[in-house]
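Student: I am new to this structure. Please take me through one part of it closely.

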Amino acid sequence: MLCFGDLQSGADGFLPEAWDAFKDDFKSDKNTKVLGLGDYGDFLRPTMRSRMLSALSGDDSARRQVDDMVRRTQDKLLDKMQFLEGNLVGVHTGHHCHEFADGTNSDQRLACALKAPYLGWMASTRLRILKHRTGAQHGVSYTMISTHGNSNSRKSGGAANWTEDNIVKAWIADQYILGHCCKGIAWVPNERHLVRR
């Protein structure tokens with residue numbers, strides 16, 4: 001399984017070469033599934049978004065114009081992501097999404113367009129991994145806790161600590177996945193074990 005997030009397509013730091021390398025990795029194995037961790041586009045941060053929405057309050061026409069502008073920008077992003085359609089375990093929301101006047105957001109729109117479950121901010125996902133042996137099917141369950149994340153840390157150790165303090169202590173899973181931290185964290189296995197049948 002591959003994970004991706006924090007593309008912030010449209011921002012100065014977006015690297016088309018990195019996205020192309022991800023696309024090549026995905027296409028190298030026809031069984032690859034993908035988990036989206038949020039911040040696909042580069043709409044306003046929550047602090048700026050609330051100011052903008054406050055300024056547009058009461059002006060439905062201006063709000064519709066902003067919604068249409070975001071949809072057109074997102075359509076370009078969807079063209080880049082079309083190869084993932086039907087192969088996503090799910091799509092998380094992030095900080096850089098847009099809430100449309102109808103109450104939905106741009107990450108929900110992306111999930112719908114790519115035929116993927118919308119996972120919101122944080123989700124528990126149980127995968128059933130099947131193995132075929134001598135005509136019989138055997139499987140194992142694999143549980144993930146995943147989130148876009150919210151560590152606001154400048155160092156990867158801080159993000160790992162935030163995950164351990166806020167997620168790992170509360171949920172038993174086989175894997176914990178955190179986006180938002182662009183430094184790359186290799187997760188260290190924790191000491192708890194869950195007895196399985």
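Student: Look at strand β6 and its neighbour β7. In which sense do they pair, and over how many bridges?

Tutor: First, some ground rules. This is a predicted model, where local features need pLDDT of at least 70, side-chain atom pairs count only at pLDDT 80 or more, and totals for chains, interfaces and linings use all residues. Residues are numbered from 1 along each chain as its sequence is written, and side-chain values use heavy atoms, leaving out hydrogens and water.

Now your strands. β6 covers residues 136-147. β6 and β7 pair in the parallel sense, and four bridges join them. Strands here are DSSP runs of E with at least two residues, helices are runs of H or I with at least four, and numbering starts at the N terminus. Two strands pair if DSSP finds at least two bridges between them. One place to look is Met 144: its bridge partner in β7 is Gln 175.

Next, turn to the other side of β6. There β5 and β6 run antiparallel, and 12 bridges join them. Find Met 144 again. This residue of β6 is also the bridge partner of Thr 125. So Met 144 is worth tracing twice: once to Gln 175 in β7, and once to Thr 125. Further along, Leu 130 has Gly 139 in β6 as its bridge partner.

How does the chain get from β5 to β6? The two strands form a hairpin, with two residues between them. Thr 134 sits in that turn, and its phi is positive, at about 40°.

Put the strands together. They make an open sheet of three strands in the order β5-β6-β7. Its pairing is mixed. That fits what you have seen: β6 is parallel to β7 and antiparallel to β5. The edge strands are β5 (122-133) and β7 (175-178), and each pairs on one side only. Neighbouring strands of this sheet are turned by 30° against each other on average, direction ignored. Axes are lines fitted to C-alpha atoms, for helices over the stretch in contact, and angles run from 0 to 180 degrees between N-to-C directions.

Now set another sheet beside this picture. It is open, has four strands, and follows the order β1-β2-β3-β4. Here the pairing is parallel. β1 (2-4) and β4 (118-120) are the edge strands, each paired on one side only. On average, neighbouring strands of this sheet are turned by 20° against each other, direction ignored. Look inside it at strand β2 (residues 34-36) and strand β3 (residues 88-92), which pair in the parallel sense over three bridges. Leu 35 has its bridge partner, Gly 90, in β3. Helix α1 (residues 16-27) packs on this sheet and touches β1 and β2. Contact means heavy atoms within 4.5 Å. The direction of α1 makes about 160° with that of β1. Another helix, α4, lies across β3 and β4. It runs at about 165° to β3.

Finish with a pair of helices. The axes of helix α2 (residues 46-56) and α3 come within 9 Å and cross at roughly 140°. At their meeting point, α2 brings Met 52, Leu 53 and Leu 56. From α3 come Ala 62, Arg 63 and Val 66.

Back to your question, then. β6 pairs with β7 in the parallel sense over four bridges, while 12 bridges tie β6 to antiparallel β5.
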